[in-house]
Amino acid sequence: MNYEKNARVINDDIFDLISQCFDDERCSRNNESRLNFFDTYNNYFVLTDDGSYSINSKEINHKIETLHTSTGAISEAFEKFIKPMKFDYTKDIAILDICAGLGYNSSAAIDDFLKNSKDSSLTIDMVEISAATLACGLLVPSPIKAHDITRKAIEKELIAMDYATLELEKTEIPSNIDINVFVEDARKTVQNLKDNSYDAIFLDPFSQNMAPELFSLDFFKEFRRIIKDTGIVATYTSSAPVRDAFIEVGFYIGLGPIFGRKQGGTLASPSQDMLDTSLPKNDEIRIALSDVGIPFRDPDLNNSSEEILERRTEERHAERHNTKISSAVKTPIFLAQEMDDEKLKRRVERNLAKMNIPSTTSDEAKYIVEIENNYEEKQSIKNNSRDRILDMREKLKKVKNGDYK
(Lines give C-alpha, C1' and ligand atoms only; values in the text may rest on other atoms or scores of the structure.)
Protein backbone atom coordinates (compact mmCIF):
# COMPACT_ATOMS: atom_id res chain seq x y z
CA MET A 1 0.00 0.00 0.00
CA ASN A 2 2.88 2.38 0.75
CA TYR A 3 4.34 1.81 -2.71
CA GLU A 4 0.95 2.44 -4.29
CA LYS A 5 0.62 5.69 -2.37
CA ASN A 6 4.10 6.85 -3.38
CA ALA A 7 3.59 5.80 -7.02
CA ARG A 8 0.20 7.48 -7.34
CA VAL A 9 0.53 10.74 -9.25
CA ILE A 10 -2.90 12.36 -9.11
CA ASN A 11 -3.47 15.32 -6.83
CA ASP A 12 -4.22 14.24 -3.26
CA ASP A 13 -7.38 16.35 -3.09
CA ILE A 14 -8.72 14.70 -6.25
CA PHE A 15 -7.76 11.28 -4.91
CA ASP A 16 -9.74 11.90 -1.72
CA LEU A 17 -12.78 13.14 -3.66
CA ILE A 18 -12.75 10.15 -6.01
CA SER A 19 -12.34 7.73 -3.12
CA GLN A 20 -15.29 9.36 -1.33
CA CYS A 21 -17.39 9.19 -4.50
CA PHE A 22 -16.95 5.44 -4.83
CA ASP A 23 -17.29 4.89 -1.08
CA ASP A 24 -20.70 6.55 -1.37
CA GLU A 25 -21.57 4.37 -4.35
CA ARG A 26 -20.70 1.20 -2.47
CA CYS A 27 -22.60 2.23 0.65
CA SER A 28 -25.75 3.68 -0.93
CA ARG A 29 -25.78 1.98 -4.35
CA ASN A 30 -26.87 5.39 -5.60
CA ASN A 31 -25.55 6.42 -9.01
CA GLU A 32 -25.68 10.14 -8.31
CA SER A 33 -22.19 10.38 -6.81
CA ARG A 34 -20.57 9.14 -9.98
CA LEU A 35 -22.92 10.77 -12.49
CA ASN A 36 -22.67 14.20 -10.88
CA PHE A 37 -18.98 14.09 -10.01
CA PHE A 38 -17.60 15.96 -13.00
CA ASP A 39 -20.17 18.77 -12.85
CA THR A 40 -19.61 19.15 -9.12
CA TYR A 41 -15.82 19.12 -9.19
CA ASN A 42 -14.96 20.24 -12.73
CA ASN A 43 -12.59 22.87 -11.33
CA TYR A 44 -10.23 20.00 -10.46
CA PHE A 45 -10.02 19.00 -14.14
CA VAL A 46 -7.94 20.75 -16.79
CA LEU A 47 -9.33 21.38 -20.26
CA THR A 48 -6.60 20.92 -22.88
CA ASP A 49 -6.45 22.56 -26.30
CA ASP A 50 -8.15 19.71 -28.18
CA GLY A 51 -11.17 19.68 -25.86
CA SER A 52 -10.14 16.64 -23.82
CA TYR A 53 -9.58 16.81 -20.07
CA SER A 54 -6.55 16.08 -17.95
CA ILE A 55 -6.08 16.25 -14.18
CA ASN A 56 -3.43 17.75 -11.96
CA SER A 57 -0.58 15.80 -10.46
CA LYS A 58 0.28 15.91 -6.81
CA GLU A 59 2.97 18.40 -5.85
CA ILE A 60 6.36 17.15 -7.00
CA ASN A 61 9.47 19.24 -6.34
CA HIS A 62 7.20 22.13 -5.39
CA LYS A 63 5.40 21.98 -8.74
CA ILE A 64 1.97 20.79 -9.81
CA GLU A 65 1.61 19.72 -13.44
CA THR A 66 -1.10 18.13 -15.53
CA LEU A 67 -0.86 14.46 -16.44
CA HIS A 68 -0.99 15.38 -20.14
CA THR A 69 0.33 18.15 -22.34
CA SER A 70 -1.85 21.26 -22.52
CA THR A 71 -1.66 20.94 -26.31
CA GLY A 72 -4.17 18.12 -26.12
CA ALA A 73 -4.55 15.07 -23.90
CA ILE A 74 -6.19 12.71 -26.41
CA SER A 75 -4.17 14.16 -29.29
CA GLU A 76 -1.01 13.31 -27.36
CA ALA A 77 -2.13 9.68 -27.21
CA PHE A 78 -2.55 9.51 -30.98
CA GLU A 79 0.62 11.43 -31.82
CA LYS A 80 3.04 9.73 -29.42
CA PHE A 81 1.66 6.23 -29.12
CA ILE A 82 -0.35 5.40 -32.25
CA LYS A 83 1.21 7.20 -35.20
CA PRO A 84 4.71 5.73 -34.66
CA MET A 85 3.35 2.19 -34.78
CA LYS A 86 3.44 0.05 -37.89
CA PHE A 87 0.55 -2.25 -37.14
CA ASP A 88 -0.44 -4.86 -39.70
CA TYR A 89 -4.20 -4.90 -39.18
CA THR A 90 -4.60 -8.01 -41.32
CA LYS A 91 -3.20 -9.80 -38.25
CA ASP A 92 -4.23 -9.89 -34.60
CA ILE A 93 -2.70 -7.09 -32.51
CA ALA A 94 -1.62 -7.16 -28.85
CA ILE A 95 -0.73 -4.04 -26.85
CA LEU A 96 0.62 -3.56 -23.34
CA ASP A 97 -0.37 -0.16 -21.91
CA ILE A 98 1.74 0.65 -18.83
CA CYS A 99 0.54 3.48 -16.59
CA ALA A 100 -2.80 3.45 -18.37
CA GLY A 101 -4.10 6.40 -16.36
CA LEU A 102 -7.42 7.70 -17.68
CA GLY A 103 -7.33 5.20 -20.54
CA TYR A 104 -6.54 7.64 -23.33
CA ASN A 105 -3.68 5.66 -24.92
CA SER A 106 -5.72 2.46 -25.02
CA SER A 107 -8.71 4.38 -26.37
CA ALA A 108 -6.61 5.83 -29.17
CA ALA A 109 -5.44 2.30 -30.03
CA ILE A 110 -9.03 1.06 -30.09
CA ASP A 111 -10.09 3.95 -32.30
CA ASP A 112 -7.31 3.25 -34.79
CA PHE A 113 -8.05 -0.48 -34.76
CA LEU A 114 -11.76 -0.01 -35.44
CA LYS A 115 -10.99 2.27 -38.39
CA ASN A 116 -8.44 -0.04 -40.01
CA SER A 117 -9.14 -3.67 -39.10
CA LYS A 118 -11.41 -6.13 -40.88
CA ASP A 119 -11.18 -9.67 -39.57
CA SER A 120 -8.44 -9.26 -36.96
CA SER A 121 -8.68 -8.95 -33.18
CA LEU A 122 -7.18 -6.54 -30.66
CA THR A 123 -5.97 -7.41 -27.17
CA ILE A 124 -4.99 -4.65 -24.75
CA ASP A 125 -3.50 -5.27 -21.32
CA MET A 126 -3.82 -2.08 -19.30
CA VAL A 127 -1.67 -1.68 -16.18
CA GLU A 128 -2.23 1.06 -13.62
CA ILE A 129 -1.24 0.92 -9.95
CA SER A 130 -3.87 3.42 -8.79
CA ALA A 131 -7.52 2.38 -8.83
CA ALA A 132 -8.49 6.01 -8.22
CA THR A 133 -6.65 7.12 -11.35
CA LEU A 134 -8.48 4.51 -13.42
CA ALA A 135 -11.74 5.57 -11.76
CA CYS A 136 -11.03 9.12 -12.87
CA GLY A 137 -11.29 7.78 -16.41
CA LEU A 138 -14.94 6.99 -15.64
CA LEU A 139 -15.58 10.52 -14.40
CA VAL A 140 -14.16 12.71 -17.16
CA PRO A 141 -16.15 13.25 -20.36
CA SER A 142 -15.05 10.78 -23.05
CA PRO A 143 -12.95 12.63 -25.64
CA ILE A 144 -13.68 10.03 -28.36
CA LYS A 145 -16.26 7.26 -28.71
CA ALA A 146 -13.61 4.55 -28.28
CA HIS A 147 -13.01 5.82 -24.76
CA ASP A 148 -16.45 4.50 -23.81
CA ILE A 149 -15.18 1.00 -24.63
CA THR A 150 -12.17 1.53 -22.40
CA ARG A 151 -14.42 2.87 -19.64
CA LYS A 152 -16.50 -0.30 -19.77
CA ALA A 153 -13.39 -2.44 -19.24
CA ILE A 154 -12.22 -0.21 -16.39
CA GLU A 155 -15.63 -0.32 -14.73
CA LYS A 156 -15.72 -4.12 -14.94
CA GLU A 157 -12.38 -4.42 -13.18
CA LEU A 158 -13.22 -1.83 -10.50
CA ILE A 159 -16.43 -3.73 -9.75
CA ALA A 160 -14.53 -7.03 -9.63
CA MET A 161 -12.15 -5.58 -7.04
CA ASP A 162 -15.07 -4.04 -5.07
CA TYR A 163 -13.93 -0.48 -5.72
CA ALA A 164 -17.09 0.34 -7.70
CA THR A 165 -20.53 -1.24 -7.42
CA LEU A 166 -22.83 -0.08 -10.21
CA GLU A 167 -22.72 -0.90 -13.92
CA LEU A 168 -23.34 2.54 -15.39
CA GLU A 169 -21.32 2.22 -18.61
CA LYS A 170 -23.73 1.24 -21.40
CA THR A 171 -21.27 0.75 -24.26
CA GLU A 172 -20.48 -2.89 -24.97
CA ILE A 173 -16.96 -4.07 -25.76
CA PRO A 174 -16.87 -5.43 -29.35
CA SER A 175 -16.36 -9.18 -29.65
CA ASN A 176 -13.03 -8.74 -31.46
CA ILE A 177 -11.58 -6.56 -28.69
CA ASP A 178 -10.30 -8.03 -25.43
CA ILE A 179 -9.25 -5.62 -22.67
CA ASN A 180 -7.60 -6.82 -19.47
CA VAL A 181 -7.04 -4.37 -16.63
CA PHE A 182 -4.34 -4.94 -14.00
CA VAL A 183 -4.45 -2.71 -10.93
CA GLU A 184 -1.00 -3.41 -9.57
CA ASP A 185 2.71 -2.63 -9.78
CA ALA A 186 3.68 -3.00 -13.45
CA ARG A 187 6.90 -4.74 -12.39
CA LYS A 188 4.79 -7.56 -11.01
CA THR A 189 2.59 -7.70 -14.10
CA VAL A 190 5.37 -7.99 -16.67
CA GLN A 191 7.03 -10.91 -14.92
CA ASN A 192 3.87 -12.97 -15.47
CA LEU A 193 3.45 -12.18 -19.17
CA LYS A 194 4.33 -14.59 -21.96
CA ASP A 195 7.39 -14.33 -24.16
CA ASN A 196 7.09 -12.74 -27.60
CA SER A 197 3.50 -11.55 -27.00
CA TYR A 198 3.16 -7.85 -27.82
CA ASP A 199 3.17 -5.80 -30.99
CA ALA A 200 3.45 -2.60 -28.96
CA ILE A 201 4.24 -1.44 -25.45
CA PHE A 202 3.07 2.01 -24.38
CA LEU A 203 5.25 3.28 -21.53
CA ASP A 204 3.68 6.38 -19.99
CA PRO A 205 4.75 6.95 -16.36
CA PHE A 206 4.53 10.51 -15.09
CA SER A 207 8.29 11.09 -14.83
CA GLN A 208 11.54 9.17 -14.51
CA ASN A 209 12.47 10.94 -11.29
CA MET A 210 9.21 9.95 -9.66
CA ALA A 211 9.08 6.41 -11.06
CA PRO A 212 12.61 5.32 -12.07
CA GLU A 213 11.52 1.73 -11.39
CA LEU A 214 9.43 1.88 -14.57
CA PHE A 215 12.40 3.08 -16.62
CA SER A 216 15.04 0.70 -15.30
CA LEU A 217 17.33 -1.52 -17.33
CA ASP A 218 15.95 -4.54 -15.49
CA PHE A 219 12.35 -3.62 -16.29
CA PHE A 220 13.34 -3.24 -19.95
CA LYS A 221 14.82 -6.75 -19.90
CA GLU A 222 11.26 -7.94 -19.38
CA PHE A 223 10.13 -5.79 -22.32
CA ARG A 224 12.75 -7.44 -24.51
CA ARG A 225 11.40 -10.84 -23.49
CA ILE A 226 7.70 -10.15 -24.01
CA ILE A 227 7.78 -8.03 -27.16
CA LYS A 228 7.64 -9.51 -30.65
CA ASP A 229 10.66 -9.13 -32.93
CA THR A 230 8.75 -6.54 -34.98
CA GLY A 231 7.22 -4.82 -31.93
CA ILE A 232 7.76 -1.21 -30.87
CA VAL A 233 8.04 0.36 -27.41
CA ALA A 234 6.93 3.99 -27.34
CA THR A 235 7.58 6.45 -24.54
CA TYR A 236 7.43 10.24 -24.35
CA THR A 237 10.80 10.70 -22.67
CA SER A 238 14.07 11.73 -24.33
CA SER A 239 16.04 10.85 -21.21
CA ALA A 240 19.62 9.59 -21.73
CA PRO A 241 19.48 6.86 -19.03
CA VAL A 242 16.25 5.53 -20.50
CA ARG A 243 17.65 5.38 -24.00
CA ASP A 244 20.87 3.77 -22.78
CA ALA A 245 18.91 1.13 -20.88
CA PHE A 246 17.06 0.17 -24.06
CA ILE A 247 20.39 -0.25 -25.86
CA GLU A 248 21.97 -2.29 -23.07
CA VAL A 249 19.16 -4.87 -23.11
CA GLY A 250 19.27 -5.31 -26.89
CA PHE A 251 16.89 -2.78 -28.43
CA TYR A 252 17.52 -0.50 -31.37
CA ILE A 253 16.33 3.04 -30.63
CA GLY A 254 14.98 5.95 -32.62
CA LEU A 255 13.43 9.37 -32.20
CA GLY A 256 9.76 9.51 -31.30
CA PRO A 257 7.31 12.25 -32.32
CA ILE A 258 7.60 15.79 -31.02
CA PHE A 259 4.26 16.88 -29.59
CA GLY A 260 3.69 19.36 -26.79
CA ARG A 261 7.39 19.29 -25.91
CA LYS A 262 10.62 20.69 -27.32
CA GLN A 263 12.13 17.24 -27.81
CA GLY A 264 10.87 14.05 -29.36
CA GLY A 265 10.25 10.92 -27.34
CA THR A 266 11.88 7.54 -27.75
CA LEU A 267 10.99 4.48 -29.80
CA ALA A 268 12.66 1.12 -29.26
CA SER A 269 12.42 -2.13 -31.18
CA PRO A 270 14.29 -5.43 -31.51
CA SER A 271 14.28 -4.71 -35.26
CA GLN A 272 15.95 -1.64 -36.77
CA ASP A 273 13.55 -1.99 -39.71
CA MET A 274 10.72 -0.74 -37.47
CA LEU A 275 12.44 2.59 -36.76
CA ASP A 276 12.86 5.53 -39.12
CA THR A 277 14.57 8.48 -37.46
CA SER A 278 17.91 8.66 -35.65
CA LEU A 279 18.35 10.36 -32.32
CA PRO A 280 19.90 13.82 -32.57
CA LYS A 281 23.68 13.59 -32.98
CA ASN A 282 24.52 15.27 -29.66
CA ASP A 283 22.10 12.95 -27.84
CA GLU A 284 23.97 9.96 -29.26
CA ILE A 285 27.32 11.37 -28.15
CA ARG A 286 26.16 12.09 -24.59
CA ILE A 287 24.51 8.67 -24.20
CA ALA A 288 27.62 6.92 -25.50
CA LEU A 289 30.28 8.80 -23.59
CA SER A 290 28.86 10.68 -20.59
CA ASP A 291 27.89 9.55 -17.12
CA VAL A 292 24.45 11.08 -17.81
CA GLY A 293 23.72 7.95 -19.84
CA ILE A 294 24.11 5.54 -16.94
CA PRO A 295 20.76 3.76 -16.59
CA PHE A 296 18.50 3.15 -13.62
CA ARG A 297 18.93 -0.30 -12.10
CA ASP A 298 16.40 -2.36 -10.15
CA PRO A 299 17.95 -5.87 -10.07
CA ASP A 300 15.11 -7.67 -8.30
CA LEU A 301 12.32 -5.47 -9.66
CA ASN A 302 11.26 -4.54 -6.15
CA ASN A 303 13.41 -1.59 -5.06
CA SER A 304 11.95 1.73 -4.00
CA SER A 305 12.29 4.82 -6.16
CA GLU A 306 14.67 6.30 -3.61
CA GLU A 307 16.93 3.24 -3.67
CA ILE A 308 17.05 3.24 -7.47
CA LEU A 309 17.86 6.93 -7.70
CA GLU A 310 20.56 6.64 -5.02
CA ARG A 311 22.10 3.62 -6.77
CA ARG A 312 22.37 5.56 -10.03
CA THR A 313 23.89 8.58 -8.29
CA GLU A 314 26.57 6.36 -6.75
CA GLU A 315 27.26 4.62 -10.06
CA ARG A 316 27.59 7.92 -11.90
CA HIS A 317 30.10 9.10 -9.31
CA ALA A 318 32.10 5.87 -9.55
CA GLU A 319 32.22 5.79 -13.36
CA ARG A 320 32.87 9.51 -13.97
CA HIS A 321 36.50 9.98 -15.13
CA ASN A 322 36.86 6.19 -15.06
CA THR A 323 34.75 4.71 -17.86
CA LYS A 324 32.67 7.82 -18.62
CA ILE A 325 33.44 11.43 -19.49
CA SER A 326 32.02 13.90 -17.00
CA SER A 327 28.61 15.22 -17.99
CA ALA A 328 29.53 18.65 -16.59
CA VAL A 329 29.04 21.43 -19.18
CA LYS A 330 28.00 18.68 -21.65
CA THR A 331 31.69 17.94 -22.19
CA PRO A 332 31.42 15.08 -24.74
CA ILE A 333 29.56 17.11 -27.37
CA PHE A 334 32.67 19.28 -27.88
CA LEU A 335 34.81 16.37 -29.10
CA ALA A 336 36.35 17.14 -32.50
CA GLN A 337 35.05 20.72 -32.23
CA GLU A 338 36.95 24.00 -32.19
CA MET A 339 36.03 26.11 -29.15
CA ASP A 340 36.15 29.91 -29.03
CA ASP A 341 35.01 30.30 -25.43
CA GLU A 342 38.34 29.95 -23.60
CA LYS A 343 36.84 29.63 -20.13
CA LEU A 344 34.47 26.87 -21.23
CA LYS A 345 37.25 25.21 -23.21
CA ARG A 346 39.46 24.97 -20.11
CA ARG A 347 36.68 23.26 -18.16
CA VAL A 348 35.94 20.87 -21.01
CA GLU A 349 39.58 19.92 -21.54
CA ARG A 350 40.15 19.35 -17.83
CA ASN A 351 37.38 16.77 -17.97
CA LEU A 352 38.76 15.23 -21.17
CA ALA A 353 42.29 14.98 -19.80
CA LYS A 354 41.06 12.64 -17.08
CA MET A 355 40.05 10.23 -19.85
CA ASN A 356 43.39 10.46 -21.71
CA ILE A 357 41.97 12.87 -24.31
CA PRO A 358 44.46 15.76 -24.69
CA SER A 359 42.10 18.29 -26.25
CA THR A 360 38.81 18.67 -28.10
CA THR A 361 40.64 18.58 -31.44
CA SER A 362 43.20 15.89 -30.62
CA ASP A 363 43.48 12.74 -32.69
CA GLU A 364 41.96 10.84 -29.78
CA ALA A 365 38.91 13.09 -29.72
CA LYS A 366 38.38 12.78 -33.46
CA TYR A 367 38.86 9.00 -33.29
CA ILE A 368 36.17 8.55 -30.64
CA VAL A 369 33.45 10.39 -32.55
CA GLU A 370 34.53 9.71 -36.12
CA ILE A 371 31.52 7.48 -36.76
CA GLU A 372 29.35 10.56 -36.38
CA ASN A 373 30.85 11.82 -39.65
CA ASN A 374 28.51 9.30 -41.28
CA TYR A 375 25.47 10.42 -39.28
CA GLU A 376 22.18 10.22 -41.16
CA GLU A 377 18.83 11.32 -39.80
CA LYS A 378 17.14 8.54 -41.76
CA GLN A 379 18.50 5.44 -40.11
CA SER A 380 19.00 1.97 -41.51
CA ILE A 381 20.34 -1.40 -40.44
CA LYS A 382 23.83 -0.24 -41.50
CA ASN A 383 23.70 3.28 -40.06
CA ASN A 384 21.71 3.75 -36.89
CA SER A 385 21.80 5.30 -33.43
CA ARG A 386 22.43 2.06 -31.54
CA ASP A 387 25.49 1.06 -33.56
CA ARG A 388 26.98 4.55 -33.48
CA ILE A 389 26.57 4.75 -29.71
CA LEU A 390 28.20 1.36 -29.16
CA ASP A 391 31.04 2.26 -31.54
CA MET A 392 31.85 5.47 -29.68
CA ARG A 393 31.65 3.70 -26.33
CA GLU A 394 34.18 1.08 -27.42
CA LYS A 395 36.57 3.71 -28.78
CA LEU A 396 36.40 5.72 -25.55
CA LYS A 397 37.35 2.56 -23.66
CA LYS A 398 40.40 2.07 -25.88
CA VAL A 399 41.52 5.66 -25.46
CA LYS A 400 41.11 5.53 -21.69
CA ASN A 401 43.05 2.25 -21.49
CA GLY A 402 45.86 3.54 -23.72
CA ASP A 403 44.97 1.16 -26.57
CA TYR A 404 44.21 3.89 -29.11
CA LYS A 405 47.47 3.46 -31.06
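The following exchange concerns the terms applied to a predicted model and the values behind them.

Reader: What makes a feature of this model eligible for discussion?

Author: Since the model is predicted, local features need pLDDT of at least 70 and side-chain atom pairs count only at pLDDT 80 or more, while totals for chains, interfaces and linings use all residues. Residues are numbered from 1 along each chain as its sequence is written, and side-chain values use heavy atoms, with hydrogens and water left out.

Reader: What makes β3 and β4 paired strands, and in which sense do they run?

Author: Strands are DSSP runs of E with at least two residues, helices are runs of H or I with at least four, and both are numbered from the N terminus. Two strands pair if DSSP finds at least two bridges between them. Strand β3 (residues 93–98) and strand β4 (residues 122–127) have six bridges, in the parallel sense, and therefore satisfy that definition. Ile93 stands opposite Leu122 in β4, and Leu96 has Asp125 as its bridge partner.

Reader: Which strands stand at the edges of the sheet, and why?

Author: The open sheet has seven strands in the order β5-β4-β3-β6-β7-β9-β8, with mixed pairing. β5 (177–182) and β8 (252–255) each have a single partner strand, so one side of each lacks a neighbour in the sheet. From one strand to the next, the twist averages 15°.

Reader: Why is β3 described as largely enclosed?

Author: A residue is buried under 20% relative accessible area, exposed over 50% and partly exposed in between (1.4 Å probe, protein chains only). Six of the six residues of β3 are buried, so the strand is largely enclosed by the rest of the structure. In a regular strand the side chains alternate between the two faces of the sheet. In β3, Ile93, Ile95 and Asp97 are buried on one side, and Ala94, Leu96 and Ile98 are buried on the other.

Reader: How do you know that α10 is mostly covered, and what does the helix pack against?

Author: Seven of the 10 residues of α10 are buried, namely Leu217, Asp218, Phe219, Phe220, Glu222, Phe223 and Ile226. Contact means heavy atoms within 4.5 Å. The buried residues of α10 pack against β3, α9 (186–191), β6, β7 and α11 (240–248).

Reader: Why are α10 and α11 called oblique to each other?

Author: Axes are lines fitted to C-alpha atoms, for helices over the stretch in contact, and angles run from 0 to 180 degrees between N-to-C directions. Angles under 35 degrees count as roughly parallel, over 145 as roughly antiparallel, 65 to 115 as roughly perpendicular and the rest as oblique. The axes of α10 and α11 come within 9 Å and cross at roughly 45°, and the two helices are therefore oblique to each other. In their contact, Leu217, Phe220 and Phe223 of α10 meet Val242, Ala245, Phe246 and Glu248 of α11. These residues divide into six nonpolar, no polar and one charged, where Ala, Val, Leu, Ile, Met, Phe, Trp, Tyr, Cys and Pro count as nonpolar, Asp, Glu, Lys and Arg as charged, and the others, Gly among them, as polar.

Reader: What makes α6 oblique to α8?

Author: The axes of helix α6 (residues 104–116) and helix α8 (residues 146–160) come within 8 Å and cross at roughly 125°. That angle makes α6 oblique to α8. Tyr104, Ser106, Ser107, Ile110, Asp111 and Leu114 in α6 meet Ala146, His147, Ile149 and Thr150 in α8. This contact comprises five nonpolar, four polar and one charged residue.

Reader: Why is Thr48 classed as buried, and which residues does Thr48 contact?

Author: Thr48 has a relative accessible area of 4%, and is therefore buried. Thr48 lies in the loop between β1 (45–47) and β2 (53–55). Leaving aside neighbours within four places in sequence, Thr48 is in contact with Ser54, Thr69, Ser70, Gly72 and Ala73.

Reader: How do you know that Ser305 is buried or exposed?

Author: Ser305 has 12% relative accessibility, and therefore counts as buried. Ser305 lies in helix α13 (residues 305–319) and touches Met210, Ala211, Pro212 and Glu213, not counting residues up to four places away in sequence.

Reader: Why are His321 and Asn356 called partly exposed?

Author: His321 has a relative accessible area of 24%, and Asn356 has 41%, so each value falls in the partly exposed range. His321 is found in the loop between α13 and α14 (342–353), and Asn356 in the loop between α14 and α15 (363–368). Neither is a glycine, yet phi is positive, at about 70° in His321 and near 65° in Asn356.
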